[in-house]
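Please look over the structure shown here before reading on. The report below takes up its aromatic pairs, its cavity and one loop glycine in turn.

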Amino acid sequence: TILHTSLISSSSSVDLLKTRNMKFSAIAFLFTATSVAAFSPAGTASRTSALFSTTEVETKTNAPVFDEVCETTGVTLKRFMAEVAMLNPEISELTTLFGGIETACKAITNLVKRSQLPSSETLGLEGEVNIQGEDQKKLDVITNDLLKRALRFTGKLGVLASEEEDEPVDLASGSEGKSSELIVEETDKYVVVFDPLDGSSNVDAGIPTGTIIGIYDHDENCLVDGEESTDATENCLSNTLQPGVNLVAAAYCLYSSSTFFVLTLGNGVYGFTLDDQIGEFVLSHPNIKIPETSQIISFNEANTYMWDEPLKKVVTGWKAGTGKSGETFSSRYIGSMVGDVHRTLLYGGVFGYPGDTKNTTGKLRLLYEGAPMSFIMEQAGGLSTTGTKRVMEIVPEVVHQRVPIIMGSKNDIQEVIDAYAEAGAN
């Protein structure tokens with residue numbers, strides 16, 4: 001009897017355990033399904049394709065393949081790049097390089113946030129003038145050095161060019177400050193160009209600022225032996241003078257109400273937002289696509305009277321509602337390229353800093369502002385032009401070359417291109 005009772009008790013316990021396990025499994029299943037749904041991008045829950053391409057923009061570099069992980073909202077930038085590296089081993093070294101850029105952006109956003117505090121001593125002028133003849137802000141110099149240090153220790157970089165450097169700088173040599181000497185090591189794969197703090201002239205007023213980065217392949221045959229300037233040295237310097245169609249990747253960081261990290265590897269545009277709680281950039285805007293038509297212009301309209309007639313005519317028509325779209329445009333202008341372009345990507349619109357009678361070649365630098373941002377804009381489905389030329393196809397003649405730029409929604413930019421073409425034909 002005791003044995004029979006014990007067996008019944010044991011059997012009941014097993015049945016109870018099975019019931020609990022079944023309940024737990026059901027709860028676990030529901031939790032897993034809910035979690036996956038919560039982190040899945042809208043419209044991609046039923047995606048069955050493992051690999052897919054999102055863009056057909058003409059460049060000279062191969063577009064990498066992505067999978068559904070790269071489209072999953074909430075994925076960290078590190079996880080995103082690790083997935084890309086696994087699927088595309090030929091660009092796996094970009095993971096290390098973007099790790100350095102990510103760290104630099106986190107450090108810069110903290111500097112910008114604290115810059116208004118009296119104890120920070122980072123506001124105001126440095127007391128020097130850069131190669132463009134512009135007064136350097138203290139934060140210009142600090143962020144430039146910070147990015148150089150972050151990139152140097154990745155071990156993947158041969159040469160960099162910056163708005164704050166007179167000439168391209170070799171990071172592998174370990175030299176500090178401005179340098180005209182170039183030493184390139186055989187193991188360094190990439191050339192990086194950047195504007196460390198775009199919009200820094202407004203930083204004292206707390207206006208949004210940003211960092212712009214472009215990454216090119218480094219010429220494997222670029223080997224320099226000796227300290228004297230030679231034809232080989234000049235050839236290596238020309239590694240930085242590449243058109244935008246040669247870009248391997250481009251990115252920008254926006255320091256504003258949130259810190260955003262937006263990048264393209266040649267297969268669409270992906271936006272990450274810094275989560276201060278965990279200290280990581282998480283995917284918040286997968287596969288950004290700019291609206292094809294808009295109602296927003298973003299220019300310094302005080303210069304309208306100095307613009308080319310074709311552009312002046314188009315913008316006047318937009319404001320009057322007599323343009324091709326028939327929409328009446330409104331104006332939104334921050335005066336910081338990264339801030340204005342970021343809004344344009346998300347809402348649609350036209351951003352421009354065109355040439356005028358005072359600055360015939362515009363004011364934005366082709367190499368480290370115009371080309372990287374044009375790459376991002378085109379990958380999002382927009383266009384970028386000088387009015388007569390595709391910005392991505394212009395080959396820089398000097399590192400700090402300026403170029404007129406008008407970029408944004410496809411149909412609106414095409415209207416500008418058509419106006420210039422018609423004016424040229426007449």
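## Aromatic pairs

Rings of Phe, Tyr and Trp, the last represented by its six-membered ring, are taken to pair if their centres lie within 6.5 Å. The model is a predicted one, and by this criterion the structure holds eight aromatic pairs. One of them joins Phe66 and Phe80, whose rings are arranged edge-to-face, with 5.7 Å from centre to centre and 75° between the planes. This pair links distant parts of the chain, since Phe66 belongs to the loop between α1 (2–38) and α2 (77–87) while Phe80 belongs to helix α2, 14 residues apart. Both Phe66 and Phe80 are buried.

Another aromatic pair, that of Trp318 and Phe329, is stacked, with 5.0 Å centre to centre and 10° between the planes. Here too the pair links distant parts of the chain: Trp318 sits in helix α6 (residues 309–320), and Phe329 sits in the loop between α6 and β12 (330–331), eleven residues apart. Trp318 is buried, as is Phe329.

## A ring cluster

Phe66 and Phe80 also take part in a wider arrangement, in which ring pairs link Phe66, Phe80, Tyr270 and Phe272 into a cluster. Of this cluster, Phe66 and Phe80 have been described above as buried, and their mutual arrangement as edge-to-face.

## The cavity

How many cavities of 30 Å³ or more does the structure hold? The structure holds one cavity of 30 Å³ or more, and the volume of the largest cavity is about 40 Å³. The residues that line the largest cavity are Phe299, Asn300, Asn303 and Trp307, together with Gly352, Tyr353, Pro354 and Asp356. Sorted by character, the residues of this lining divide into four nonpolar, three polar and one charged.

## Gly279 and its surroundings

Gly279 is placed in the loop between β9 (269–275) and β10 (280–285). Is Gly279 buried, exposed or partly exposed? Gly279 counts as partly exposed because its relative accessibility is 32%, a value that falls between the limits of under 20% for buried and over 50% for exposed.

When residues up to four places away in sequence are not counted, Gly279 touches Lys106 and Leu274. The contact with Lys106 brings together residues that are 173 residues apart in sequence, and the distance between Gly279 and Lys106 is 8.4 Å in space, C-alpha to C-alpha.

How values were computed. Residues are numbered from 1 along each chain as its sequence is written. This is a predicted model: local features need pLDDT of at least 70, side-chain atom pairs count only at pLDDT 80 or more; totals for chains, interfaces and linings use all residues. Side-chain values use heavy atoms; hydrogens and water are left out. Helices (H or I, at least four residues) and strands (E, at least two) are DSSP runs, numbered from the N terminus. Buried means under 20% relative accessible area, exposed over 50%, partly exposed in between (1.4 Å probe, protein chains only). Contact means heavy atoms within 4.5 Å. Rings of Phe, Tyr and Trp (its six-membered ring) pair if their centres lie within 6.5 Å; planes under 30 degrees apart count as stacked, over 60 as edge-to-face and the rest as tilted. On a 1 Å grid over the protein atoms alone, a cavity is a set of points where a 1.4 Å probe fits but cannot get out, and a pocket is an open set with protein on both sides within 12 Å along at least five of seven lines; lining residues have an atom within 4 Å of a point. Grid points are joined across faces, edges and corners, and a volume is the space filled by probe spheres set on the points. Ala, Val, Leu, Ile, Met, Phe, Trp, Tyr, Cys and Pro count as nonpolar, Asp, Glu, Lys and Arg as charged, and the others, Gly among them, as polar.
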